[in-house]
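Here is a brief report on one protein model. Please look over the sequence and the coordinates first.

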Amino acid sequence: MRCPPAWQLRLLPPWGPAAPGRLLPVACVWAPAGRAPGSLSPLAGLRPARLWGAGQALLGGFGAPRRWRSCCWGGGLGGSRGGAGLARLLGLWAPAPGRCGAFAGPGAPRLPRAGFPGRPAATAWAGSEAWRRGPAAPPGDDRRLRPAAAGLSEARKLLGLAYPERWRLAAAVGFLTMSSVISMSAPFFLGKIIDVIYTNPTVDYSDNLTRLCLGLSGVFLCGAAANAIRVYLMQTSGQRIVNRLRTSLFSSILRQEVAFFDKTRTGELINRLSSDTALLGRSVTENLSDGLRAGAQASVGVSMMFFVSPNLATFVLSLVPPVSIIAVIYGRYLRKLTKVTQDSLAQATQLAEERIGNVRTVRAFGKEMTEIEKYASKVDYVMQLARKEAFARAGFFGATGLSGNLIVLSVLYKGGLLMGSAHMTVGELSSFLMYAFWVGVSIGGLSSFYSELMKGLGAGARLWELLEREPKLPFNEGVILNEKSFQGALEFKNVHFTYPARPDVPIFQDFSLSIPSGSVTALVGPSGSGKSTVLSLLLRLYDPVSGTISLDGHDIRQLNPVWLRSKIGTVSQEPILFSGSIAENIAYGADNPSSVTDEQVQRVAEVANAVAFIRNFPQGFNTVVGEKGVLLSGGQKQRIAIARALLKMKQPVRWMLKMSTLFKKL
Ligand SMILES: Nc1ncnc2c1ncn2[C@@H]1O[C@H](COP(=O)(O)OP(=O)(O)OP(=O)(O)O)[C@@H](O)[C@H]1O
Ligand SMILES: [Mg+2]
């Protein structure tokens with residue numbers, strides 16, 4: 001462990017008579033360096049409160065199945081954090097003051113309750129100095145995800161999302177083409193009708209007119225049906241894309257190493273999962289569909305304009321480039337703005353998530369108004385950005401609307417001149433105007449497609465980073481030890497460790513610890529001295545900077561982390577339950593929770609001495625525990641967490657009976 005020059009960590013020899021077959025308690029304590037090991041009587045001078053403070057208990061799953069080995073991590077000074085640890089529970093059971101039976105089995109020798117005589121000095125060093133020495137990253141610093149390189153590749157990725165839906169989308173594009181062709185042929189035929197009416201008004205044209213109108217109605221009906229099918233196909237494939245995106249993102253987030261979560265805030269991730277995916281999804285689905293439709297209509301419209309009057313069409317199209325320049329500038333601006341807006345929204349969500357999640361603390365300190373103000377200032381900033389976006393959008397759409405109208409006006413002007421010189425009929429001019437109108441509407445559609453696409457790219461920049469981030473620690477690969485020869489001997493050898501979030505603050509320097517197979521070890525030390533960190537390293541939530549941690553002589557870096565963790569049962573200092581029923585929470589400990597029977601759940605709950613209070617609830621095992629188990633007491637949560645860990649450990653009945661006796665005394 002991290003040691004000041006005057007202190008060092010000693011692994012004390014087993015205390016008490018070592019009866020054959022019994023588990024031997026071994027405690028790690030801090031002792032002044034000046035003292036010779038021999039002069040330090042095991043745990044001598046340690047105050048009782050120490051071991052029973054808040055602690056993290058490791059329910060040993062290592063070694064021979066019948067053995068029960070564990071470390072109870074001594075709690076903070078004065079039992080900080082409310083003494084909610086399993087060690088505290090065990091302390092209640094200890095029959096005589098000064099004796100510890102932590103997991104050693106009822107008949108095993110017990111450790112005295114431990115305390116630190118030099119408490120203030122130890123606290124000053126272990127707690128506050130760690131903060132004083134080097135806050136490399138201030139608390140709460142989330143070190144935002146790097147902005148990803150924008151560009152074409154992002155647009156390609158965005159379109160790549162739609163790839164699995166290609167057949168549906170292809171069908172949708174087919175229907176889109178059909179409906180667009182029909183819509184776009186309308187002006188041509190309407191022009192023909194006008195010509196029928198105007199060419200020779202004296203002749204009876206009603207038959208011709210009726211036939212033409214009926215024919216066109218049938219064609220329009222087909223166009224409407226094709227359009228409806230296109231909308232349905234696009235919408236459903238859109239939702240499928242968003243679903244897939246959310247699932248992949250959630251999976252990618254959960255695979256990240258724990259250090260990633262130390263630096264990234266939950267609210268930010270939640271915002272990415274909900275808001276950013278929706279934005280990105282919309283930009284490749286509804287938006288893509290509308291964009292394709294607008295693009296198809298615009299190109300058909302332009303072709304038809306050339307077909308009807310190449311002269312007038314060339315004149316009109318010369319007006320388009322200036323409008324496109326405005327669109328490009330606007331698009332770039334919008335893309336940047338969206339990135340900032342989504343980040344600010346993520347910060348606001350983060351604040352709301354944290355404060356709502358800890359509403360009891362907020363209430364206890366009477367900070368409601370302060371928190372409301374904080375949140376209001378965050379959303380006000382989002383609002384300012386939204387105002388900027390609205391301003392840009394207003395300018396852009398105003399400009400494009402004006403250009404559209406000016407184009408139509410210039411068509412009328414130029415067309416009128418052409419008609420005057422007999423280069424155009426009234427029907428042709430009407431058709432041309434309708435096509436110009438369609439093209440105008442389609443360009444409007446294209447500009448909103450473009451702005452939504454830019455927003456999607458802005459939101460996507462962060463999502464790609466998350467989706468493509470490779471976890472720094474392997475997720476489910478590596479060696480799996482042979483269960484038969486597996487013993488569970490643990491060794492920490494010359495371990496140096498700093499948390500990635502605070503690389504300048506060493507937690508362990510040259511830390512060595514050996515825990516033989518079949519032994520019970522209690523780690524005792526001041527708050528912040530690194531007891532829980534030992535467990536985190538053992539679970540391979542983090543890798544040491546140097547040195548090795550080995551299990552039966554195998555470096556745990558070579559082992560499959562999922563397998564390794566499956567061998568370790570834990571009840572944490574602050575046991576976290578998931579919202580759901582008690583039974584679901586207990587079953588969570590099993591490899592396959594859906595296959596856990598009611599009897600199994602009941603059995604482990606009995607062993608953990610949880611059945612009595614569970615039965616007192618009207619709904620028994622189906623009682624809902626609330627978010628993070630908020631509807632239960634601290635002790636009840638602990639017992640459910642113990643039952644959950646027991647289910648994971650798959651121990652034989654005899655062992656369970658022993659444990660049951662132990663927990664009944666707690
Ligand atoms: N995720 C983290 N990132 C950065 N520093 C951390 C992290 N977790 C713990 N620390 C720091 O590492 C040190 C050791 O913490 P650890 O939780 O191991 O202490 P502990 O001995 O279990 O304390 P306690 O008895 O209070 O539970 C502390 O200084 C703590 O602030
Ligand atoms: Mg701890």
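The report goes from overall figures to single elements and residues.

## Basis and overall figures

This is a predicted model: local features need pLDDT of at least 70, side-chain atom pairs count only at pLDDT 80 or more, and totals for chains, interfaces and linings use all residues. Residues are numbered from 1 along each chain as its sequence is written, chains are lettered from A and ligands numbered from 1 in the order in which they are written, and side-chain values use heavy atoms, with hydrogens and water left out.

The protein has 21 helices and ten strands. Both are DSSP runs numbered from the N terminus: helices are H or I with at least four residues, strands are E with at least two. The protein has 666 residues, of which 46% count as buried. Buried means under 20% relative accessible area, exposed means over 50%, and partly exposed lies in between (1.4 Å probe, protein chains only).

Contact means heavy atoms within 4.5 Å. Take the contacts between residues at least 6 apart in sequence: 77% of them join residues at least 24 apart. The exposed area is about 31,700 Å², with 62% supplied by carbon and sulfur atoms. Accessible areas come from the Shrake-Rupley method with a 1.4 Å probe; for residues, only the protein chains shown count as cover.

## Annotated segments

The unreviewed UniProt entry carries the annotation "transmembrane region" for residues 167-189, 209-233, 315-334, 390-412 and 432-450. UniProt positions are given in the numbering used here, feature names are shortened, and annotations may be inferred rather than shown by experiment. Two of these segments are tabulated below.

| Residues | Helix | Strand | Distance between end C-alpha atoms |
|---|---|---|---|
| 167-189 | 100% | 0% | 33 Å |
| 432-450 | 100% | 0% | 26 Å |

## Helices H5 and H11

Tyr198 belongs to helix H5, residues 166-199. Tyr198 counts as exposed because its relative accessibility is 55%. Together with Met419 and Val426, Tyr198 makes a nonpolar surface patch of about 270 Å². Patches are made of residues with over 30% relative accessible area and no salt bridge; like charges are joined within 9 Å, nonpolar side chains (Val, Leu, Ile, Met, Phe, Trp, Tyr) within 5 Å. A salt bridge is a side-chain nitrogen of Lys or Arg within 4 Å of a carboxyl oxygen of Asp or Glu.

Ser344 sits in helix H11, residues 320-357. Its relative accessibility is 6%, so Ser344 counts as buried. Leaving aside residues up to four places away in sequence, Ser344 touches Tyr381, Val382 and Leu385.

## Helix H18 and the loop after it

Helix H18 spans residues 598-607, and Val601, Val604, Ala605 and Val607 are buried there. They cover an arc of only 160° around the axis, so they lie on the same side of H18. The arc is that of the directions from the helix axis to the C-beta atoms. Asp598 and Glu599 are exposed on the other side of H18.

Ala608 lies in the loop between H18 and helix H19 (611-616). Ala608 is buried because its relative accessible area is 0%. The C-alpha atoms of Ala608 and Arg639 are 5.8 Å apart, although 31 residues separate them along the chain.

## Positive phi

Most residues other than glycine have a negative phi. Asn609, which follows H18, has a positive phi near 55°. Asp510, in strand S6 (residues 506-515), has a positive phi of about 55°. With a relative accessible area of 47%, Asp510 is partly exposed. Asp552 has a positive phi of about 50°. Asp552 lies in the loop between strand S8 (546-551) and strand S9 (554-555). At 24% relative accessibility, Asp552 is partly exposed.
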